[in-house]
Amino acid sequence: QLQLVESGGGLVQPGGSLRLSCAASGFTLDTYAIGWFRQAPGKEREGISCISSSGGSTNYAHSVKGRFTISRDKAKNTVYLQMNTLKPEDTAVYYCAAAWVYAGQDKYCSYLAGDMDYWGKGTLVTVSS
């Protein structure tokens, strides 16, 4: 069974850091570009970051640029989202998703929900004092 499982969420004070993980089981992420999304209470889901299958291309939404860093570890079949300088407005359920790509698309990166093939169930991040 193909699964993406997010972990690493929790409660953190403003200005703090968390690292989210997105682990795949049942398939290898080598041929997938990965996107991170979040949905705050009462708001629409927002794409915030992506990384290409090669890891050579990344992109960030304006709301997180300069504070969040996406990376991937092929040996661990896992993608990470390092979140620094967290703000209360970062409070949300965070999801990772995978978009299958052709071998020639190893620099493709998207955080558009419609491009994704598989989704995790999310992990809650709460930023509060």
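## A buried pair

Arg38 and Asp90 are both buried. This is a predicted model, and these two residues make a good starting point for a look at its charged side chains. Arg38 has a relative accessible area of 7%, and buried means under 20%.

Arg38 and Asp90 also form a salt bridge, in which the closest N and O atoms are 2.9 Å apart. Where do the two partners sit along the chain? Arg38 belongs to strand β4 (residues 32-39), while Asp90 is in the loop between β8 (78-83) and β9 (92-100), so this pair ties together parts that are 52 residues apart in sequence.

## A second partner for Asp90

Asp90 meets another side chain as well: Arg67 joins Asp90 in a salt bridge, with 2.7 Å from N to O. Here too, distant parts of the chain are linked, since Arg67 lies in the loop between β6 (58-60) and β7 (68-73), 23 residues from Asp90 in the loop between β8 and β9. Arg67 and Asp90 are both buried.

## A second partner for Arg38

Now back to Arg38, which forms a salt bridge with Glu46. The closest N and O atoms of Glu46 and Arg38 are 2.9 Å apart. Is Glu46 buried, exposed or partly exposed? Glu46 has 27% relative accessibility, so it counts as partly exposed.

## The whole network

How many salt bridges are there in total? The count comes to 3. Arg38, Glu46, Arg67 and Asp90 are linked by salt bridges into a network. As general background, side chains of opposite charge can pair when their charged atoms come close.

Note on methods. Residues are numbered from 1 along each chain as its sequence is written. This is a predicted model: local features need pLDDT of at least 70, side-chain atom pairs count only at pLDDT 80 or more; totals for chains, interfaces and linings use all residues. Side-chain values use heavy atoms; hydrogens and water are left out. A salt bridge is a side-chain nitrogen of Lys or Arg within 4 Å of a carboxyl oxygen of Asp or Glu. Buried means under 20% relative accessible area, exposed over 50%, partly exposed in between (1.4 Å probe, protein chains only). Helices (H or I, at least four residues) and strands (E, at least two) are DSSP runs, numbered from the N terminus.
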